[in-house]
Amino acid sequence: MSRLPRVAIQTADFDVSAELAALRAHDRRVGAVCSFVGTVRGGNEGNNGAPVLSMELEHYPGMTERAIEAMIDQAHQRFDLYGARVVHRVGLLQPGEQIVLVAVTSAHRGQSFLGCEFLMDYLKTQAPFWKKEQTPQGAHWVDARVSDDAALARWGIEARNA
């Protein structure tokens, strides 16, 4: 069984290969590993279509980890998963840098794909992170997107962002 903590909130970058190897280590039941890596977009994704120069992420230590742990518990209740790992960065990030890793293990790919997608949808809308984008026009806080709320709704979970 995996001995890796399920949640890490950190300023440092992460090594995807090392994270996945640690997640599946010591668990010979694992037949599938699914992962998602989110990065900072630098294109015309910011306020009014302006390029994103940087992104700053803030969180409440302790509260954020507990919220993500609860999300992982939900994923285990819904899908036949063996392990899960969420690594989320905070602090000042530049375009192209990694923000988040969501990874799950299971016996078969179907459950891994579902579990990973569920966790990412849940994380994107419900995790207590605050994001501020810096653009040439100045800084602004990023609001939840309607498309993110819709993604969560397909799992039967109502977003609390409206």
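**Buried cysteines, ring pairs and an open sheet**

Colleague: Why does cysteine 34 count as buried in this predicted model?
Modeller: Its relative accessibility is 10%, and since the word buried applies under 20%, cysteine 34 counts as buried.

Colleague: What makes cysteine 116 buried?
Modeller: Cysteine 116 has a relative accessible area of 4%, which is likewise under 20%, so the term buried applies.

Colleague: How many disulfides does the rule give?
Modeller: The count comes to 0 disulfides. For cysteine 34 the nearest cysteine sulfur is that of cysteine 116, at 4.0 Å, whereas a disulfide requires two cysteine sulfur atoms within 2.5 Å, so cysteine 34 is in no disulfide. Cysteine 116, for which the nearest cysteine sulfur is that of cysteine 34, is in no disulfide either.

Colleague: Why is the pair of tyrosine 60 and tryptophan 130 called edge-to-face?
Modeller: The ring centres are 5.1 Å apart, and a pair needs centres within 6.5 Å; the planes stand at 75°, and angles over 60 degrees count as edge-to-face, so this pair takes that name. The pair links distant parts of the chain, with tyrosine 60 in the loop between S3 and helix H2 and tryptophan 130 in strand S7, 70 residues apart.

Colleague: How do you know that tyrosine 60 is partly exposed?
Modeller: Its relative accessibility is 48%, and partly exposed covers what lies between under 20% and over 50%, so tyrosine 60 falls in that class; tryptophan 130, at 37%, counts as partly exposed too.

Colleague: What makes phenylalanine 118 and tyrosine 122 an edge-to-face pair?
Modeller: Their centres are 5.5 Å apart with 90° between the planes, which meets both the 6.5 Å and the over 60 degrees conditions, so the pair is edge-to-face. Both residues lie in helix H3, 4 residues apart, about one turn of the helix. Phenylalanine 118 is buried, with a relative accessible area of 0%, and tyrosine 122 is buried at 13%. Ring pairs join these two with Phe79 in a cluster.

Colleague: Which strands stand at the edges of the open sheet, and why?
Modeller: The sheet has 4 strands in the order S5-S3-S7-S8, with antiparallel pairing. Strands S5 (91–93) and S8 (138–141) each have a single partner strand, so one side of each is left without a neighbour in the sheet.

Colleague: Why are S3 and S7 called a pair of strands?
Modeller: Two strands pair when there are at least two bridges between them, and S3 (residues 54–59) and S7 (residues 129–135) pair in the antiparallel sense over 6 bridges. Glutamate 56, for instance, has lysine 132 in S7 as its bridge partner.

Notes: Residues are numbered from 1 along each chain as its sequence is written. This is a predicted model: local features need pLDDT of at least 70, side-chain atom pairs count only at pLDDT 80 or more; totals for chains, interfaces and linings use all residues. Side-chain values use heavy atoms; hydrogens and water are left out. Helices (H or I, at least four residues) and strands (E, at least two) are DSSP runs, numbered from the N terminus. Buried means under 20% relative accessible area, exposed over 50%, partly exposed in between (1.4 Å probe, protein chains only). Rings of Phe, Tyr and Trp (its six-membered ring) pair if their centres lie within 6.5 Å; planes under 30 degrees apart count as stacked, over 60 as edge-to-face and the rest as tilted.
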